[in-house]
Amino acid sequence: MKVKTIETFAINGEFITLGQFLKDECIVSSGGQAKWYLKDSPVLVNGDKEDRRGKKLYPGDRLTVAGKEYELVQGL
């Protein structure tokens with residue numbers, strides 16, 4: 001039985017955009033690159049496929065990106 005490791009990602013403020021999340025996690029280096037990454041690579045937000053880099057992510061949301069699962073939590 002394989003157990004998934006869920007990484008936490010703290011956001012400071014009310015929300016973060018999907019594009020900014022991808023940049024902060026060093027998955028992409030720019031917003032333009034995020035646009036193309038989302039067209040070619042499956043990203044799940046709360047189990048649903050998402051391809052909008054401007055999608056707002058809030059504490060409690062779960063993302064699956066590049067084989068990793070993240071849970072967003074409220075930072076300082």
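**An aromatic cluster, a nonpolar core and a salt-bridge network**

In this structure, which is a predicted model, Tyr70 counts as buried, since its relative accessibility is 2% and the limit for a buried residue is under 20% relative accessible area. The aromatic side chain that lies beside Tyr70 is that of Phe21: the two ring centres are 5.0 Å apart and the planes stand at 85 degrees, so the pair is edge-to-face. Because Phe21 belongs to helix α1 and Tyr70 to strand β7, this pair ties together parts of the chain that are 49 residues apart in sequence. Phe21 is likewise buried, with a relative accessible area of 0%.

The count of aromatic pairs in the model comes to three. Among them is the pair of Phe9 and Phe21, which is also edge-to-face, with 4.8 Å from centre to centre and 70 degrees between the planes. This pair, too, links distant parts of the chain, for Phe9 is found in strand β1 and Phe21 in helix α1, 12 residues apart. Both Phe9 and Phe21 are buried, and through ring pairs Phe9, Phe21 and Tyr70 are joined into a cluster.

The surroundings of Phe21 extend beyond these rings. When residues up to four places away in sequence are not counted, Phe21 touches Phe9, Ile16, Leu57, Leu63, Val65 and Tyr70. In soluble globular proteins, nonpolar side chains tend to be buried together. In the present model, the largest nonpolar core has 17 residues, and those that touch the most other members are Leu18, Phe21, Leu22, Leu57, Leu63 and Val65. Two or more residues of this core are given by each of the strands β1 (6-11), β6 (62-65) and β7 (68-74), and by each of the helices α1 (18-24) and α2 (31-40).

Three of these elements, β1, β7 and β6, also take part in an open sheet of five strands, in which the order is β1-β7-β6-β3-β4 and the pairing is mixed. The edges of the sheet are formed by β1 and by β4 (48-49), each of which pairs on one side only. Strands of a sheet pair through backbone hydrogen bonds, either parallel or antiparallel. For β1 and β7 the pairing is in the parallel sense and runs over six bridges, and Ile6 stands opposite Glu69 of β7.

Charged side chains provide a further set of links, and the count of salt bridges comes to four. One of these joins Glu7 to Lys68, with the closest N and O atoms 3.6 Å apart. Since Glu7 lies in strand β1 and Lys68 in strand β7, the salt bridge ties together parts that are 61 residues apart in sequence. Glu7 is partly exposed, at a relative accessible area of 30%, and Lys68 is partly exposed as well, at 40%.

Two further salt bridges meet at Arg62. In one, Arg62 is joined to Glu69, the closest N and O atoms being 3.2 Å apart; in the other, the side chains of Arg62 and Glu71 meet with an N to O distance of 3.5 Å. Arg62, Glu69 and Glu71 are in this way linked in a network of salt bridges. The members of the network vary in their burial: Glu69 counts as buried, with 14% relative accessibility, whereas Glu71 counts as partly exposed at 26% and Arg62 counts as partly exposed at 33%. Glu69, the buried member of this network, is also the residue of β7 that Ile6 stands opposite.

A contact of another kind, between a charge and a ring, is found at Phe15, where Lys56 lies over the face of the ring, at 4.7 Å from the ring centre.

The loop between α1 and α2 contains Ser29. In contrast to the buried rings of Phe9 and Phe21, Ser29 is exposed, because its relative accessible area is 63% and values over 50% count as exposed. The C-alpha atom of Ser29 is separated by 16 Å from that of Asp40, which is 11 residues away along the chain.

Conventions. Residues are numbered from 1 along each chain as its sequence is written. This is a predicted model: local features need pLDDT of at least 70, side-chain atom pairs count only at pLDDT 80 or more; totals for chains, interfaces and linings use all residues. Side-chain values use heavy atoms; hydrogens and water are left out. A nonpolar core is a set of buried Ala, Val, Leu, Ile, Met, Phe, Trp, Tyr and Cys residues joined through side-chain atoms within 4.5 Å. Buried means under 20% relative accessible area, exposed over 50%, partly exposed in between (1.4 Å probe, protein chains only). Helices (H or I, at least four residues) and strands (E, at least two) are DSSP runs, numbered from the N terminus. Contact means heavy atoms within 4.5 Å. Two strands pair if DSSP finds at least two bridges between them. Rings of Phe, Tyr and Trp (its six-membered ring) pair if their centres lie within 6.5 Å; planes under 30 degrees apart count as stacked, over 60 as edge-to-face and the rest as tilted. A charge sits over a ring if NZ of Lys or CZ of Arg is within 6 Å of the ring centre and within 35 degrees of the ring normal.
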